[in-house]
Amino acid sequence: MNETFEPQILAYCCKYCAYAAADLAGSMRLNYPSNVKVIQVPCSGRVDILHLLTAFEGGADGVYVAG
């Protein structure tokens with residue numbers, strides 16, 4: 001077992017806060033793990049439990065909501 005586990009993470013990010021920070025990090029050419037997928041949402045308050053459950057059903061190992 002030489003394989004290392006790399007979890008697939010799905011991030012729901014607020015358009016005006018967390019997504020803007022992720023966009024700025026990309027503009028500054030800062031690196032973040034390739035196993036983190038960022039999804040822009042209008043507001044973190046709009047994320048419903050169904051979004052989280054659907055992400056897990058789709059194969060995500062972890063989900064977080066950033067505002």
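**View 1. Cysteines without a disulfide in the predicted model.** In this predicted model, the count of disulfides comes to zero. The sulfur of Cys14 has its closest cysteine sulfur in Cys17, at 4.1 Å, which is too far for a bond, because a disulfide calls for a pair of cysteine sulfur atoms within 2.5 Å. Cys43 is likewise in no disulfide, and the nearest cysteine sulfur, that of Cys14, is 5.2 Å away from the sulfur of Cys43. As for the surroundings of these two residues, Cys14 is buried, with a relative accessible area of 7%, whereas Cys43 is partly exposed, with a relative accessible area of 37%.

**View 2. The open sheet and its strand order.** Three strands form an open sheet in the order E2-E1-E3, and their pairing is parallel. The edges are taken by E2 and by strand E3, which covers residues 62–66, and each of these has a single partner strand, so that one side of each is left without a neighbour in the sheet. On average, neighbouring strands of this sheet are turned by 20 degrees against each other, with direction ignored. In general, the strands of a sheet pair through backbone hydrogen bonds, in either a parallel or an antiparallel manner.

**View 3. The pairing of E1 with E3.** Strand E1, made up of residues 9–14, is joined to E3 by five bridges, and the two strands run parallel. One of the residues to follow in this view is Ala11, whose bridge partner in E3 is Tyr64. Cys14, shown in the first view as a buried residue with a relative accessible area of 7%, belongs to the residue range 9–14 of strand E1.

**View 4. Arg29 in the loop between H1 and E2.** Arg29 lies in the loop that runs between H1 and E2, and its phi is positive, at about 60 degrees, although Arg29 is not a glycine. The residue is exposed, with a relative accessible area of 74%.

**View 5. A nonpolar surface patch that includes Leu30.** Leu24, Met28 and Leu30 make a nonpolar surface patch of about 310 Å². Of these residues, Leu30 is placed in the loop between helix H1, which spans residues 18–27, and strand E2, which spans residues 36–41. Leu30 is partly exposed, with a relative accessible area of 47%, while Arg29, which lies in the loop between H1 and E2, is exposed, with a relative accessible area of 74%.

How values were computed
Residues numbered from 1 in each chain as written. Predicted model: local features only at pLDDT ≥ 70, side-chain atom pairs only at ≥ 80, totals over all residues. Heavy atoms only, no water. Buried < 20%, exposed > 50% of the residue type's maximum accessible area, 1.4 Å probe, protein only. Patch = residues over 30% accessible without salt bridge, like charges linked within 9 Å, V, L, I, M, F, W, Y side chains within 5 Å. Areas by Shrake-Rupley, 256 points an atom, 1.4 Å probe, with all protein chains shown as cover. Salt bridge = Lys/Arg side-chain N within 4 Å of Asp/Glu carboxyl O. Helix = DSSP H or I, 4+ residues; strand = E, 2+ residues; numbered from the N terminus. Pairing = 2+ DSSP bridges. Axes fitted to C-alpha atoms, helices over the stretch in contact; angles between N-to-C directions.
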